[in-house]
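Trainee: Could you pick a single part of this chain and take me through it closely, neighbours included?

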Amino acid sequence: MTRTEEFEQWRPLLFSIAYRILGSVSEAEDAVQETWLRYEACATRPASVKSFLSAMVSRIAIDVLRSARMRREEYAGQWFPEPLLADPYEDPERSAELADTVSMAALLLLERLSPLERAVFVLREVFGFRFGEVAAAIGRSEAACRQLAVRARRHMDAGRARFEADRRERDELAGRFFDAFREGDVDGLRELLAADVQMAGDSGGKAPLWGDGVFGAESVARMLAGFVAPFIRIGGVVEPHEMNGQPGAIFRDQGGKIVNTLTLDILDGQIQTIRAVINPDKLRHLGPVADAWAVVRETNRVRRLED
């Protein structure tokens with residue numbers, strides 16, 4: 001195999017590692033590209049290309065995350081990961097771990113970890129690298145990596161039950177939710193929502209948002225039902241789509257441009273959290289982005305006419 005072919009073989013894995021460390025599609029893609037440039041310039045051939053490239057992309061991602069954390073602390077409003085339509089890396093032996101750790105809930109939980117803890121958790125717990133490989137990747141001893149792994153697992157296990165659910169039941173409930181949503185069925189929505197459901201959004205201060213969030217089944221059901229009819233009337237489309245391994249949807253304007261994405265956290269037969277990403281900077285990798293302000297103005301105009 002040529003060096004290019006070797007790299008392309010492992011590109012999906014490298015992106016998946018970088019995305020879980022960074023929570024950003026664009027930053028993960030940049031980290032993978034930087035890994036290629038360094039590998040291309042490397043004078044020697046490693047004994048294990050997989051280990052070598054995984055270590056390299058992890059180190060790059062750790063450095064990026066350290067600087068990104070300062071920006072996230074100054075972020076306007078709530079920060080959510082960039083939505084991912086599909087994880088490019090597949091491993092049948094670790095499919096459950098891969099799916100669970102790419103969800104919005106899991107990525108937000110990973111935000112609580114230090115950059116080194118996050119990298120160790122991703123490499124060891126998600127992708128199954130040996131501690132020797134993890135140690136080489138982050139430049140720490142195996143003993144230190146084991147300690148980092150223990151701390152990371154403790155943090156992750158504390159919140160894991162909040163985003164675990166039977167996938168078949170989850171998908172069936174999500175289908176019922178989007179049917180009720182498109183019909184503007186308040187009662188149908190209410191019965192699918194947990195009593196303390198939360199609806200939150202990430203606009204980054206660059207798109208319209210409903211304050212700090214909407215709380216409670218009644219309020220969330222009425223807000224969703226009140227929005228969907230005028231949105232569809234102006235040509236908007238609600239396109240159910242798996243997002244970050246979870247049930248979700250892409251909202252498009254009448255021209256097919258993306259307004260926002262939505263993901264559902266489902267547990268115990270109810271929707272616990274609804275997260276919307278509206279920040280246009282976090283949607284560009286999915287396709288052309290709509291003017292969300294214009295969409296909301298037109299939606300509100302139609303709603304007032306209906307009232």
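Mentor: Sure, let's take strand S5 and the strands that pair with it. Bear in mind that this is a predicted model: local features need pLDDT of at least 70, side-chain atom pairs count only at pLDDT 80 or more, and totals for chains, interfaces and linings use all residues. Numbering starts from 1 along each chain as its sequence is written, and side-chain values use heavy atoms, with hydrogens and water left out.

First, the setting. The protein has 12 helices and 6 strands (DSSP runs numbered from the N terminus, with helices being H or I of at least four residues and strands E of at least two). Its radius of gyration, taken over C-alpha atoms, is 21 Å, close to the 19 Å from the globule rule for 307 residues (2.2 Å times the number of residues to the power 0.38), so the protein is as compact as a globular protein of that length. Across the whole chain, 52% of the 307 residues count as buried, meaning under 20% relative accessible area with a 1.4 Å probe, protein chains only.

Now zoom in on S5, residues 258–267: 10 of its 10 residues are buried. In a regular strand the side chains alternate between the two faces of the sheet. On one side, S5 pairs with S4 (residues 248–252), antiparallel and joined by 5 bridges; for pairing, DSSP has to find at least two bridges between the strands. If you want a spot to click on, Gly248 has Thr263 of S5 as its bridge partner. These two strands make a hairpin with 5 residues between them, and in that turn Gly256 has a positive phi of about 90°.

Follow the chain onwards and you reach S6, residues 270–277, antiparallel to S5 over 7 bridges. Two places to look at here are Asp265, which is bridged to Thr273 in S6, and Leu262, which sits opposite Ala276 in S6. This hairpin has 2 residues between its strands, and Asp268 takes a positive phi near 55°.

S6 is mostly covered too, with 7 of its 8 residues buried. Besides S5, S6 pairs with S1 (residues 193–202), and here the sense is parallel, over 6 bridges. You can find that pairing at Asp202, which stands opposite Val277 in S6.

So what should you take away? S5 is antiparallel to both S4 and S6, while S6 runs parallel to S1.

How values were computed
Buried means under 20% relative accessible area, exposed over 50%, partly exposed in between (1.4 Å probe, protein chains only).
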